[in-house]
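These notebook entries record what I looked up in the structure shown below. I took the entries in the order in which the questions arose.

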Amino acid sequence: MRKLAHYQRVTARIAEHKREGTFGALVTTYRGSRDYERLSANTRISYDRYLDRLVVAYADAPLVEMTPEDIQVRVMDANSDTPAAADMMLTILRVLYKFALKRRRGLEDWTAGIEPYGNKTEREPWPLHMLDAAKASDDPLFRLAVKLALYTGQRPGDVCNMTWNAVQGGYIRVRQQKTGTPVEIAMHTELAAELATAKRSDRHLFILSNRQGGPLTSKVLLKWCQAFTRKLGRNYSPHGLRKNATNELFEAGCTAAEVAAITGHKSLSMLEHYGKARSQPKLAARAIGKWTETEQERENHKANGKPRQ
């Protein structure tokens with residue numbers, strides 16, 4: 001009888017969530033829409049994590065009664081200790097408002113005037129001391145995951161889905177989940193050395209395999225990176241390693257086209273955004289070096305009585 005009563009309560013709750021005009025019904029409709037289906041698999045996983053939290057708070061709330069003040073208090077203020085999560089929920093609420101407005105007239109923007117915290121620490125490039133510590137970790141699978149993310153410059157989901165069959169002829173071949181872009185990445189020597197010593201078996205198709213032989217999930221990788229970096233001061237995510245890779249490539253003198261050939265970025269503005277933390281002193285020193293070399297070459301041509309070609 002207790003189980004039956006519980007089932008009845010759950011059934012009633014589900015029905016309530018689907019009641020037209022409520023936030024819960026909106027989320028249900030959104031998850032069944034083409035807008036949601038167009039998202040990449042990893043983006044849907046991320047959205048679902050925060051949608052579930054928002055449904056707990058607003059399942060029965062009528063859309064016409066939702067206000068910016070309530071969002072500020074129940075989402076932003078209530079999650080001020082995790083500003084990145086609060087900002088993500090605010091982003092999703094804005095997506096939902098635009099989705100709802102096309103289907104229901106007269107809704108007030110329940111995110112109007114709300115400012116995000118702008119705390120992007122988790123997705124910023126890792127500080128050098130954390131990166132060095134991770135590359136020297138005693139955990140071989142975590143160490144491999146970090147080097148795989150760093151030396152390929154790929155998104156966490158793509159890193160987790162890399163297979164041993166994709167490693168051929170000194171390259172790793174990847175088709176990015178988010179954009180569908182195929183990339184072939186030449187193997188960095190440090191990554192090649194790590195892969196050469198990595199444990200593998202016939203039942204492990206994926207480079208980063210769980211105990212059952214399936215791929216390590218990006219959610220688990222995120223938890224690993226957060227736990228590791230938290231011990232050293234602040235949370236950083238595996239996505240931050242993609243920014244480390246972008247910065248390192250720019251600092252090595254690579255052109256934007258060369259960097260994009262590895263990271264798969266289609267937009268120059270986004271590539272610049274990812275590489276904004278590259279070292280200005282290193283770039284300036286290399287620029288002065290090139291300038292000096294050019295002047296020296298000019299002087300040598302003068303000394304030899306030959307015009308510069």
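**Entry 1. Arg 31 and its partner.** I began with the exposure of Arg 31, bearing in mind that the model is predicted. Arg 31 has a relative accessibility of 25%, so I entered this residue as partly exposed. I then looked for a charged partner and found Asp 48, with which Arg 31 forms a salt bridge; the closest N and O atoms are 3.2 Å apart. Arg 31 belongs to helix 2 (residues 23–31) and Asp 48 to helix 4, so the bridge ties together parts that lie 17 residues apart in sequence. Asp 48 also counts as partly exposed, because its relative accessibility is 22%.

**Entry 2. Helix 4.** Since Asp 48 lies in helix 4, I examined that helix next. Does the distance between its end C-alpha atoms agree with the expected span, or disagree? Helix 4 covers residues 41–58, and its 18 residues should span 26 Å at 1.5 Å a residue; I noted 25 Å between the end C-alpha atoms, which agrees. I then listed the buried residues of helix 4: Ser 46, Tyr 47, Tyr 50, Leu 51, Leu 54, Val 55 and Tyr 58. Tyr 58 drew a further note, for the charged end of Arg 74 sits over its ring, 4.8 Å from the ring centre.

**Entry 3. Other salt bridges.** How many salt bridges does a search of the whole structure find? I recorded nine. One of them joins Glu 124 and Lys 243, with the closest N and O atoms 3.7 Å apart. Glu 124 is in the loop between helix 6 and helix 7, whereas Lys 243 is in helix 12 (residues 239–251), so this pair ties together parts 119 residues apart in sequence. I checked the exposure of both partners. Glu 124 is partly exposed, because its relative accessibility is 23%. Lys 243 has a relative accessible area of 7%, so I entered this lysine as buried.

I turned next to Lys 147 and Glu 194, whose side chains meet in a salt bridge of 2.9 Å, N to O. The pair links distant parts of the chain: Lys 147 is in helix 8 and Glu 194 in helix 10 (residues 189–197), 47 residues apart. I found Lys 147 buried, and Glu 194 as well. Both residues also belong to a network of salt bridges that links Arg 143, Lys 147, Glu 190 and Glu 194.

**Entry 4. A buried lysine without a salt bridge.** I then looked up Lys 135, which lies in helix 7. Which side chain of opposite charge is nearest to Lys 135? I found Asp 132, at 4.3 Å; Lys 135 is buried and has no salt bridge. The cut-off for a salt bridge is 4 Å between nitrogen and carboxyl oxygen, which means that a separation beyond it is not counted. I did find a polar contact of 3.2 Å between the side chains of Lys 135 and Tyr 151.

**Entry 5. Aromatic pairs.** I counted five aromatic pairs. The ring centres of Tyr 97 and Trp 110 are 5.4 Å apart and the planes are at 80°, so I classed the pair as edge-to-face. This pair links distant parts of the chain, as Tyr 97 is in helix 6 (residues 83–101) and Trp 110 in the loop between helix 6 and helix 7 (128–135), 13 residues apart. Tyr 97 counts as buried, at 12% relative accessibility. Trp 110 is buried too, with a relative accessible area of 0%.

I also recorded Phe 142 and Phe 228, a tilted pair at 4.9 Å centre to centre with 40° between the planes. Here, too, distant parts of the chain are linked: Phe 142 is in helix 8 (residues 140–152) and Phe 228 in helix 11 (residues 218–230), 86 residues apart. Phe 142 has a relative accessible area of 4%, so I entered this residue as buried. I noted one aromatic cluster formed by Tyr 30, Tyr 36 and Phe 99. Arg 103 lies over the face of Phe 99, at 3.7 Å from the ring centre.

**Entry 6. Lys 219.** My last entry returns to helix 11, where Lys 219 is found. Lys 219 is partly exposed, at 44% relative accessibility. I noted that Lys 219 and Pro 156 are 63 residues apart in sequence but 8.9 Å apart in space, C-alpha to C-alpha.

Terms used
Residues numbered from 1 in each chain as written. Predicted model: local features only at pLDDT ≥ 70, side-chain atom pairs only at ≥ 80, totals over all residues. Heavy atoms only, no water. Helix = DSSP H or I, 4+ residues; strand = E, 2+ residues; numbered from the N terminus. Expected span 1.5 Å × (residues − 1). Buried < 20%, exposed > 50% of the residue type's maximum accessible area, 1.4 Å probe, protein only. Phe/Tyr/Trp six-rings, centres within 6.5 Å; stacked < 30°, edge-to-face > 60°. Lys NZ or Arg CZ within 6 Å of the ring centre and 35° of its normal. Lys, Arg positive; Asp, Glu negative; His and termini not counted. Polar contact = N/O pair within 3.5 Å; in protein donor to acceptor, adjacent residues only side chain to side chain.
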